[in-house]
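Colleague: I have a few bench-style questions about this chain. Could you walk me through them one at a time?

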Amino acid sequence: MSHTTAPPGPLSGIRILEVSHMLAGPYCGMLLADLGAEVIKIEAPGKGDIGRQIGPHFIGPHNAYFASLNRNKRSISLDLTSEAGQQRLGELAANSHALLTNVRPAAVRKLGLTYEALRKHNDKIVCLALTGFGLEGPFAEKPAYDYVIQALAGVMAMTGDPNGPPVKTGYSVVDNSAGIMGALGLTAKLVEGKGGQVDVSLYDTMLSQLNYLAGGYLNAGQKAQRYPGGGHPYIVPAQIFPTLDGHLALFITHDGFWADFCREIGCEAWITDTRYATMAARTANREAVIADVQAVLATGSTDSWVERLAPLGVVVAGVQSLEDALESELTRSRQMVVSVPTPHGEIRMVGNPIKLQGQPTHYGPPPLLDEDAGEFEELDGQSHVSHNASGG
């Protein structure tokens, strides 16, 4: 099933070449494709993106892991280590607005995926490199995966029970975040219209997301630490509490909600108790507050607390599994599980979180390896694309 047209969207008319694999680069490219860009995935002959081999779940020839990161794209196979492959890359670059990759810096240069290498074909092209530690510098060539970046950036050290070992997040937070950051940087350069290199590192991305925690250390010497129940460092109570039948996430942001909470659970005395009355006091007396709140919440079910507290405006939710979330009314109301038709059956996947008024997102299937090769054989190496912000 060849993709003859890019889906409609604000990036319609923008052509982006993608030389990437696994997660960060493919996710970046998919976000851009969902918004209407024509994303041409350039894959090595034979097996293509490593993601095509990850996981046991298939819908016909489509692997669920790969499909969840590569919908709405096209695919061609090129051996970029060959002279012929480099010639085709140049022809494609001449007719494209951008190129994104997440291979190692040495490979980025060897395969000619930098702005310096491609500007001779198209001086307006934007080249995005998603790497572990940046394109330059003493750490550039060190191997980096999501796990390693979480370890190095301090994420693992601040995650989990205070008395337990460091813990990784439950999903690939670094790769996904870098994909989003890459899409932002690439789009910004496209709007600028000048072409050039965009350098986004996974390590930098993760540090940037530790913003206020880093600020506490950089400006006041406060070290990040773990609190029981995943407690917030500055807001109390704001964490996970055990209930009679599960767990409850409670996040009380200011004193008005604290007073409403206390009245509802029958602990009005806490409203005027000098240890608990203000946010500052609750933070200073964290252990006492948490112990008292935990004793009360353990007497009721998760659903009963949500039913009682949510109408008051108190931020509260039961802790759900991913399966619960995917099957929830909330997910259905946001149309966040979509079905993509293919000749081999529907592929269900999580949809794009960006909602554009009056522009529903189109969801096309992921490409089979090299299925669009014939469509790009006639390029003559001359640029026929417009590089203004609209892509028109």
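Modeller: Gladly! One cut-off helps from the start: a residue is called buried when its relative accessible area is under 20%, exposed when over 50%, and partly exposed in between. Please keep in mind that this is a predicted model.

Colleague: Thanks! Is Asn72 buried or exposed?

Modeller: Asn72 sits in the loop between helix H2 (64-70) and strand S5 (73-77). Its phi is positive, about 65 degrees, although Asn72 is not a glycine. Its relative accessibility is 7%, and since the limit is under 20%, Asn72 counts as buried.

Colleague: And which class does Met22 fall into, by its relative accessible area?

Modeller: Met22 also has a positive phi, near 65 degrees, in a residue other than glycine. Its place is the loop between strand S1 (15-19) and helix H1 (24-34). With a relative accessible area of 24%, Met22 is therefore partly exposed.

Colleague: Now the cysteines. Why is there no bond between the sulfurs of Cys262 and Cys267?

Modeller: Burial first: Cys262 is buried at 0% relative accessibility, and Cys267 is buried at 15%. A disulfide needs sulfur atoms within 2.5 Å. The closest cysteine sulfur to that of Cys262 belongs to Cys267, and the pair is too far apart for a bond because the distance is 6.7 Å.

Colleague: How many disulfides does a search of the whole structure find, then?

Modeller: From the side of Cys267, the closest cysteine sulfur is that of Cys262, again too far for a bond at 6.7 Å. The search covers the whole structure, and its count of disulfides is 0.

Colleague: Which residue has its side chain joined to that of Gln150 by a polar contact of 2.6 Å?

Modeller: Gln150 lies in helix H6 (residues 146-152) and is buried, with a relative accessible area of 0%. Leaving aside neighbours within four places in sequence, Gln150 is in contact with several residues, including Lys168, Thr169 and Tyr171. The polar contact of 2.6 Å runs from the side chain of Gln150 to that of Asp146.

Colleague: Which residue does a cis peptide bond join to Val236?

Modeller: Look in the loop between helix H9 (211-220) and strand S9 (238-242), where this partner is found. Omega is about 0 degrees for the bond, and the residue joined to Val236 is Pro237.

Colleague: Last one: what share of the chain's residues is buried?

Modeller: The chain has 16 helices and 13 strands. Its accessible surface comes to about 19000 Å². Of the 392 residues in the chain, the buried share is 45%.

Technical notes:
Residues numbered from 1 in each chain as written. Predicted model: local features only at pLDDT ≥ 70, side-chain atom pairs only at ≥ 80, totals over all residues. Heavy atoms only, no water. Helix = DSSP H or I, 4+ residues; strand = E, 2+ residues; numbered from the N terminus. Buried < 20%, exposed > 50% of the residue type's maximum accessible area, 1.4 Å probe, protein only. Polar contact = N/O pair within 3.5 Å; in protein donor to acceptor, adjacent residues only side chain to side chain. Contact = heavy atoms within 4.5 Å. Areas by Shrake-Rupley, 256 points an atom, 1.4 Å probe, with all protein chains shown as cover.
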